[in-house]
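Please take me on a walk through this structure, one selection at a time. I have it open in my viewer and am ready to click along.

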Amino acid sequence: MTLYHGSDIIVKEPKLGFSNRNLDFGKGFYTTSLKEQALRWAKRKAVLNAKSTAFVSVFQADFSSNDFRVLDFSSDLESWIDFVCECRSGSQIYENFDIIIGKVADDKVFKVVDMYKDKIWDKNRALKEIKVYETYDQIAFVSQKALDFCLKFDESFEVAL
């Protein structure tokens with residue numbers, strides 16, 4: 001499977017030490033199966049860091065080992081929203097896994113997650129709102145062991161800003 005990572009640098013050897021924020025699935029190395037999404041991530045990262053270049057690093061992923069603890073929210077929005085809220089609140093629940101797969105709380109969905117987390121909307125309202133947005137995916141590698149075993153750098157390319 002081909003996975004993409006957008007950034008303001010080329011990443012040949014991903015390391016968890018560079019992750020320092022409470023993201024959707026905690027601290028980890030985030031990838032996507034969607035090239036267009038990685039392009040957007042790369043541009044955004046370059047702008048945030050005031051860089052003049054952006055890159056997409058391309059990896060081949062091997063998920064054949066059963067030795068990894070995988071949490072897959074691909075078809076479970078109800079559990080996904082609770083998990084994302086926990087991680088964004090600083091919980092380290094993600095450390096119980098090696099790889100976490102699911103949807104992305106992008107700019108539009110992030111608002112919905114916040115409304116739910118702050119108890120302004122109940123879960124039913126939040127899930128209804130999320131379903132109207134285009135679906136993107138993310139595969140977060142939250143253990144270095146999973147990164148080292150599952151991802152192999154393939155190539156990179158520069159993204160026009």
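## A walk from the whole chain to its cores

Start with contacts: of those in the chain between residues at least 6 apart in sequence, 84% join residues at least 24 apart, where contact means heavy atoms within 4.5 Å.

Before going on, note that this is a predicted model, in which local features need pLDDT of at least 70, side-chain atom pairs count only at pLDDT 80 or more, and totals for chains, interfaces and linings use all residues. Residues are numbered from 1 along each chain as its sequence is written, and side-chain values use heavy atoms, with hydrogens and water left out.

Next, switch to a cartoon view. You will find five helices and seven strands, which are DSSP runs numbered from the N terminus (helices: H or I, at least four residues; strands: E, at least two). Their order along the sequence is β-β-α-β-β-α-β-α-α-β-α-β.

Now select F25, W80, I81, F83, I100 and V113, the residues with the most contacts inside the largest nonpolar core, which has 25 residues. Such a core is a set of buried Ala, Val, Leu, Ile, Met, Phe, Trp, Tyr and Cys residues joined through side-chain atoms within 4.5 Å; buried means under 20% relative accessible area (1.4 Å probe, protein chains only). Add α2 (77-88), α3 (107-117) and α4 (123-130), each supplying at least two residues of this core. The most come from α2, with seven.

Zoom in on V113. Neighbours within four places in sequence aside, V113 touches W80, I81, V84, C85 and A105.

Finally, select L16, F59, I101 and F141: they are among the 15 residues of a second, separate core.

How values were computed: Buried < 20%, exposed > 50% of the residue type's maximum accessible area, 1.4 Å probe, protein only.
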